[in-house]
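Biologist: Please put the model on screen. I have some short questions about its chains.

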Amino acid sequence: MTEPILVAENLTKWFPVKRTLTQITRGERTWVRAVDGVSFSINKGEIFGLVGESGCGKTTTGKLIMKLLDITDGRLHMHGDDVTHIQGARLAKHRREVQMIFQDPYSSMNPRFTVRDVLMEPLEIHKVGQNLQEREVWVREILNEVKLSPPDEFLVRHPHMLSGGQRQRAATARTLMLNPSVIVADEPVSMIDLSTRAEILSMMRQLQRELGLTYVYITHDLSTARYFVDRLAVMYLGKIVEMGPAGVVIDRCLHPYTQALIGAVCEPKSGRVNQIKDVPIKGEIPAATNIPPGCRFHPRCLFSVPECWEEVEPTLVDVGGGHMVACRRHEDIEKRGAAARTSDASLGVRRSSFEA
Amino acid sequence: MKGARFSGLRRFWDEYRQVKSGLIGIGLLVVFILIVLLEPVALPYRQANERWRDINYWQDSPRLALPVWVNWFTSKDYPRSTVISEPKREEVATGTLRVITMEVPYEFTSGHPPSDLYYKLYLTGRASIAFEFIRPDGEKVELRRSTAVDGAQILRLSAIETLQERAYALGAKYEDPNVAKSRNPRMIDTMGVLFGQAARGIFIKPAILDGTYRMRIQVALVNEQSQLNKAEFVVLGGVSGILGTDGDRRDLWCGFIAGTKWALLIGLLTSLISVVVGVVYGVAAGYFGGWIDALMNRIFEVVLSIPLLPILIVMSAVFNPSIWIIIAMMCLFFWVGPVKTVRSMALQIKEHSYIEAAKALGASHRRILFRHMIPQLIPYSFASMALSVPGAILYEASISLIGLGDPTIVSWGQVLRDAFSSGAVLQGIWWWIIPPGVAIALMGMTFAFIGFAMDTILNPKLKTR
Amino acid sequence: MAKERVLEVRDLELHYFTRKGVVRAVDKISFDLRQSETLGVVGESGCGKTTMGTALLNMPTPPGRIVGGQILLDGHDVLKLSETEIRRRVRWETISMVFQGAMNCLTPVYTIKKQMKETLRQHREMSRQEMDARMKKYLNLVGLSDDVLRRYPHELSGGMKQRVVIAMALFLEPKVVICDEPTTALDVVVQAQVINLLKDLKDELQVSFIFITHDLSIEAEVSDRIMIMYAGRIAEIGTNEQIYGPQGPAHPYTQRLLAATPRLHEEVAELAFIPGTPPDLVAPPTGCRFHPRCHVVMERCSRDDVGLREIEPDHLVACWRCFND
């Protein structure tokens, strides 16, 4: 479990913004700094979560890993090989190694295709399998794997004839066709009904154990992330602000932004209806074209001191146990947090009167 | 898989049925296709296609005859054409001279005189021929005496130079002398007089004399070798065929039928080629985006802004006017039709995550274009094709109308052109102008209706529900 | 609770007449809404929760039609009123709605002021000053400054637009505000702020809210009472404490949904899920509609139709397991 499979060093993606005439004449350029220097290392067989609000660059990071976008700066290593600017046959190999599950199961499959066509496609593209029979056998095997059985019933269906959950299973099956080692899952359950969400996640986890897969799980939902991932990275405006084992990051978060995120999460517990939620954050998220100097979170931070905007941006520092945080005031914050936690006894909820 | 495809078609048909105009369009299309399929049976003149411009082929029909169904609407019938082959012969031999007399009784009861009548004789050797016209009231008009040698001899009433004088002489016997004097023998209605009641007013407004007319022809065969092989007597009526005939005696029904397949061919081929090109072009522009899109858009705009008709005229004038060149030229300009819409649709389709998913799987651009994007556009392409058919047909008709059409085919545009150049409009020969005009309009309507119906179903913006 | 009832819904039925058949999207639903409370309506997609919301305003989306039932507003049946009367006296005057994605429906070419004024003008005769004062009052109430009035929608963030839409739903001072997924498109932090806003408004304005969402966690934060819908019917109605409290909900569907919801501060080995998919409402299953997916199904569940019954004060359930007969 310690062998890193995917390593990103200072991964950066800037998108050019269309310039106005005056900007062109002045030679100015503005950039959307979607991903602005992200470093992480994902171990083999690990579920790595990227969490953040919309526009924080988590999906762009996923696409950079997929090599669907060109990397502006930084390095990306896969199995120890530098894959930052690969092309041709090496890119084709990378495409087989890394697969993606998309957020919207309704639009991630061509509506004119049947499930068979969808699953055959990766095999056709990479010319896997000697003949049609061989491919067909493989397709059936994978369908069984994602529990779309009997396969014959599903092979002939079009995506619109499947429920949301079944669609996401089919989409997962497609990613498995080429025996990948890394799967980037971009909000795979956010559009799926609650009652089947857990079913999909448990299927994904089972596959991960059986096939030794590594997942990059991208989500805005901290609760599912807590449940599903091993390690978590919280992103804000294109940068990772806090990273570590999921339980640690959520239960004893040190970055003020993570704290705000966690304070904002709703929980299905009684006794909250008459309380006003404590969301320790101010203002609105700035545009990615205009990132504040110093610590990029300082204008919204309740803990910020002049150093935060006068000095250079803090980098991730390990505070023990692989828990990393990019905040120069994390020690003060930790002291306060320890005091607060003791008073917040969690309320146990009896799940079901019929179970047990 | 089959079942699913068919159910898609089924759904489409279920929706299509709701659009009335679409059903009319389909109905008309079926009729046109039936016409093309049944052409060998439906053509009264088998070689009408190949010999449309061959005068000899059409000589047995009357000139500018009305359609036969005109008789259903008038009290005064127009006579139909009648052929009497091998009339009875009476042969009298005096030495080597043999005189064959044929007298054909022709029962005539019409509201109008026939347009022409003639004998057709097939001779070997030398003969002299006399042609006499005997009316029911006993008046005889000797029409012609002539000699002939070998081959087919046509004795056409209208071709006799002295016919007018003879007719005048006949009329003058009965008409008011003052009236008769004021008439120019060259200006009288010859057939009207010949078939008119012998009474006053025969020159002014001849009433038709019903009864049995006799055409007597005497063939004097000079020597032994001379033979009369075959004889035929023909009365050319005032009506002929379903749509009448034109100034060159051509059957206009044949023109209509023969023109149908060309109209279909020109319309469908042009729209097929141009829509295929346009759709691929538009999708490629939308998919690749960036400078490729910008460049392709500029090219598109340039082509769009060139007027087609002048170019077509020049091309037809420079090259031998051929239908294939016309079709090719139209394709060169018609492909711009679907580009704008297809490009914007491609921009939408591109945003779907299955396109990104295909990319993530490593699919090539070609695969994404042809497997993922273009199939989405097939329904629109069909609608677009249907809508561009009328344009192609109209352009061909316009080119033909100004006389630059392909002379080896029969098209509705060319029939119209002949009508215009013969002054059919001024003379009120409606049956020469209206059918091809209506045919062009109907063919255009057919595809416009189908196209609109498909558009209503496939274009979500027009969808009311 | 002795609070006054502002809205009573009795046997409300709304059907969609589609080519495939009649979809019984809302099937004989009855509930009450009390003065200044928030009633949460939860259910999976396609359970009829949004349809029910539009039915309360008597504006079903075609091909839907209200085919039965009563909507009593101060004892008068809304469904018996003419369309003009509904428009004059009910819609927006007494019941208003924040539609799903309404914040994206602000016209991009007009300023917020113009759009708010338009709504106001259609309902009230007011002088310009009065209008301005009222618009400002309600914008301030939802936590926005006056200068938002001069802005165009694209100049506002998602959270601000959602606040504008809520202000517009409030400024005719209705008794009931229906909010359909008002926080779904928003980011977590903004979502929490909007939830806080709704809580404030409820206390301040004495308005009743109907809060429609698919997310059980959000209901726990905002709703005094929660109504769980399944396949066009009500499975359970209970107070926040009855549903989320230590005792847990009574209906197996609610129990499973809660067990399927991941918790932020708890380590859960395996979440529960409900097998199968919601039924086709053209031909729903006989008996209890949940029985094909239920983990504690009994023989009579597939046979006998089950209605809502009160098992304790304010707690109504439609499940044979919970009844003694």
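**Confidence, contacts and cores**

Modeller: Chain B has helix 1 (residues 2–16) with the lowest mean pLDDT among its elements, 68, and helix 8 (residues 290–305) with the highest, 92. This is a predicted model, where local features need pLDDT of at least 70, side-chain atom pairs count only at pLDDT 80 or more, and totals for chains, interfaces and linings use all residues. Residues are numbered from 1 along each chain as its sequence is written, while chains are lettered from A and ligands numbered from 1 in the order in which they are written.

Biologist: What pLDDT does chain B average?

Modeller: pLDDT is the predictor's confidence in each residue, from 0 to 100. In chain B, 97% of the residues score at least 70. The average for chain B is 84.

Biologist: Where in chain B does pLDDT stay under 50?

Modeller: Where pLDDT is low, the predicted coordinates should not be read in detail. The stretch in question has 2 contacts beyond four places in sequence in the model. A contact means two C-beta atoms, placed from the backbone, within 7 Å. The stretch is residues 461–465 of chain B.

Biologist: Which element of chain C has the highest mean pLDDT?

Modeller: Chain C averages a pLDDT of 88, and 99% of the residues score at least 70. Helix 2 (residues 83–90) of chain C has the lowest mean among the elements, 85. The highest, 94, belongs to strand 9 (residues 225–230) of chain C.

Biologist: Which chains share the most contacts?

Modeller: There are 2 pairs of chains in contact. No contact joins chain B and chain C, and their closest C-alpha atoms lie 8 Å apart. The most contacts are shared by chains A and C.

Biologist: Which helix supplies the largest share of the side of chain B that touches chain A?

Modeller: The contact takes 17 residues from chain B and 20 residues from chain A. Helix 12 (353–360) and helix 13 (365–401) of chain B each supply at least two residues of that side of chain B. Helices here are DSSP runs (H or I, at least four residues) and strands are too (E, at least two), numbered from the N terminus. The largest share, 7 residues, comes from helix 12 of chain B.

Biologist: Is strand 2 of chain B buried or in the open?

Modeller: A residue is buried if 20 or more other C-beta atoms lie within 10 Å of its own, exposed if 12 or fewer, and partly exposed in between, with C-beta atoms placed from the backbone. Of the 6 residues in strand 2 (residues 89–94) of chain B, the number buried is 0. Therefore strand 2 of chain B lies largely in the open.

Biologist: Which residue in the turn of the hairpin has a positive phi?

Modeller: Strand 2 and strand 3 (residues 97–108) of chain B pair in the antiparallel sense over 6 bridges; pairing takes at least two DSSP bridges. B:T94 stands opposite B:L97. The hairpin has 2 residues between its strands, and the one with a phi of about 65 degrees is B:G95.

Biologist: How many residues of helix 1 of chain C are buried?

Modeller: Helix 1 (residues 49–56) of chain C is mostly covered. The buried residues include C:M52 and C:L56. Just after helix 1 of chain C, C:N58 takes a positive phi of about 50 degrees. The buried count for helix 1 of chain C is 7 of 8.
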